[in-house]
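Please find my notes on this model below, as numbered points. Keep the structure open while reading them.

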Amino acid sequence: MPLDNVERTGGEFVAHKPLQAREDRLVGSEAALPAPSGKLQAVVTRDYAVLENEHLRLGFRCNTFGFGPGELAVKTPSGWRTVAWLPRLSRLVYRTAKDERREHGVFGADPSNAEEAGRAAIRFQWISRDPKIASNRLSMTFALAAGEKCVSTQYELTAGTTIGLLAFEGPMLYVLERD
């Protein structure tokens with residue numbers, strides 16, 4: 001008996017239902033981000049959203065499924081280099097009032113930008129399109145100041161009805177190399 005999903009009980013192996021796995025792949029836009037400006041700014045177009053300063057740049061391309069994944073680049077002595085990826089803006093998992101499990105990989109739509117008092121920000125909005133329950137809303141803001149080497153984030157979830165929150169992620173970085 002293969003040991004892929006068994007449990008040993010009192011000296012005997014008891015088989016359970018086979019494990020199932022799901023794989024999701026994203027094919028994103030090939031839209032080019034503009035060259036880094038090296039100055040503090042938040043730029044939003046229909047093709048991309050970029051938040052940057054003299055040290056780093058966070059860029060999101062517009063895809064058929066929304067904005068995200070994101071690309072984090074930093075300025076090195078040999079030029080700008082991509083150092084990490086955000087696979088999605090967020091992930092939300094919850095149970096409905098009818099005890100149904102729902103999972104959403106979150107990608108933003110219609111980003112807005114703001115620049116004031118030495119800070120720049122990009123804000124994404126997401127609304128669940130689940131016809132069986134009231135809409136859930138998520139607001140995601142990425143902000144940066146001149147001279148900073150860290151991007152600050154603020155996530156705000158508003159449930160349209162009572163939900164049992166199981167997981168709320170965001171943002172998650174895949175770092176390409178570590179020193």
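1. Phe 65 has a relative accessible area of 29%, so this residue is partly exposed. Exposed would need over 50% and buried would need under 20%, and the value for Phe 65 is 29%. Please keep in mind that the model is a predicted one.

2. How far apart are the ring centres of Phe 65 and Phe 107? The distance is 4.7 Å, and the ring planes meet at 65°, so the pair is edge-to-face; the cut-off for that label is over 60 degrees. Phe 107 has a relative accessibility of 15% and therefore counts as buried, while Phe 65 is partly exposed. Phe 65 sits in the loop between S5 and strand S6 (66-76). Phe 107 sits in the loop between strand S9 (101-106) and strand S10 (109-116). The two are 42 residues apart in sequence, so the pair ties together separate parts of the chain.

3. The structure has 7 aromatic pairs. One of them joins Phe 60 and Phe 124, with ring centres 4.9 Å apart and planes at 70°, so this pair is edge-to-face. Phe 60 belongs to strand S5 (residues 56-63) and Phe 124 to strand S11 (residues 119-127). Because these parts are 64 residues apart in sequence, the pair ties together stretches that the sequence alone would not show side by side. Are the two residues buried or exposed? Phe 60 is buried at a relative accessible area of 1%, and Phe 124 is buried at 0%.

4. Which residues make up the aromatic cluster? They are Phe 60, Phe 67, Phe 124, Phe 142, Tyr 155 and Phe 168. The pair of Phe 60 and Phe 124 from the previous point is thus part of this cluster.

5. Tyr 155, a member of the cluster, is found in strand S13 (residues 152-158). Its relative accessibility is 17%, so Tyr 155 counts as buried. Apart from neighbours within four places in sequence, Tyr 155 is in contact with ten residues that you can look up in the model: Leu 89, Ser 90, Leu 138, Ser 139, Met 140, Phe 142, Phe 168, Glu 169, Gly 170 and Pro 171. Leu 89 is 66 residues away from Tyr 155 along the chain, and the C-alpha atoms of the two are separated by 9.9 Å.

6. How many cavities of 30 Å³ or more are there? The count is 1. The largest cavity holds about 30 Å³ of space. Its lining consists of Arg 88, Leu 89, Ser 90, Arg 91, Glu 169, Gly 170, Pro 171 and Met 172. By type, the lining residues are 3 nonpolar, 2 polar and 3 charged. Some names return here from the contacts of Tyr 155, including Leu 89, Ser 90, Glu 169, Gly 170 and Pro 171.

7. Two peptide bonds before proline deserve a look. The bond from Gly 170 to Pro 171 is cis, with omega near -20°. Pro 171 lies in the loop between strand S14 (164-169) and strand S15 (174-175), and both Gly 170 and Pro 171 help to line the largest cavity. The bond from Gly 68 to Pro 69 is also cis, with omega near 0°. Pro 69 is located in strand S6.

8. What is the phi of Asp 99? It is positive, about 60°, although Asp 99 is not a glycine. Asp 99 is in the loop between strand S8 (90-95) and S9, and its relative accessible area of 54% makes it exposed. Asp 110 also has a positive phi, about 45°, without being a glycine. Asp 110 is placed in strand S10 and counts as exposed at 70% relative accessibility.

9. Last, the chain as a whole. The secondary structure comes to 0 helices and 15 strands. Of the 179 residues, 35% are buried. Among contacts with a separation of 6 or more, 45% are between residues 24 or more positions apart. The chain exposes about 11,400 Å², and carbon and sulfur atoms supply 49% of that area.

Notes: Residues numbered from 1 in each chain as written. Predicted model: local features only at pLDDT ≥ 70, side-chain atom pairs only at ≥ 80, totals over all residues. Heavy atoms only, no water. 1 Å grid on protein atoms, 1.4 Å probe; cavity = no way out; pocket = protein on both sides within 12 Å on 5 of 7 lines; lining within 4 Å. Points joined across faces, edges and corners; volume = space filled by probe spheres on them. Nonpolar A, V, L, I, M, F, W, Y, C, P; charged D, E, K, R; others polar. Helix = DSSP H or I, 4+ residues; strand = E, 2+ residues; numbered from the N terminus. Buried < 20%, exposed > 50% of the residue type's maximum accessible area, 1.4 Å probe, protein only. Contact = heavy atoms within 4.5 Å. Areas by Shrake-Rupley, 256 points an atom, 1.4 Å probe, with all protein chains shown as cover. Phe/Tyr/Trp six-rings, centres within 6.5 Å; stacked < 30°, edge-to-face > 60°.
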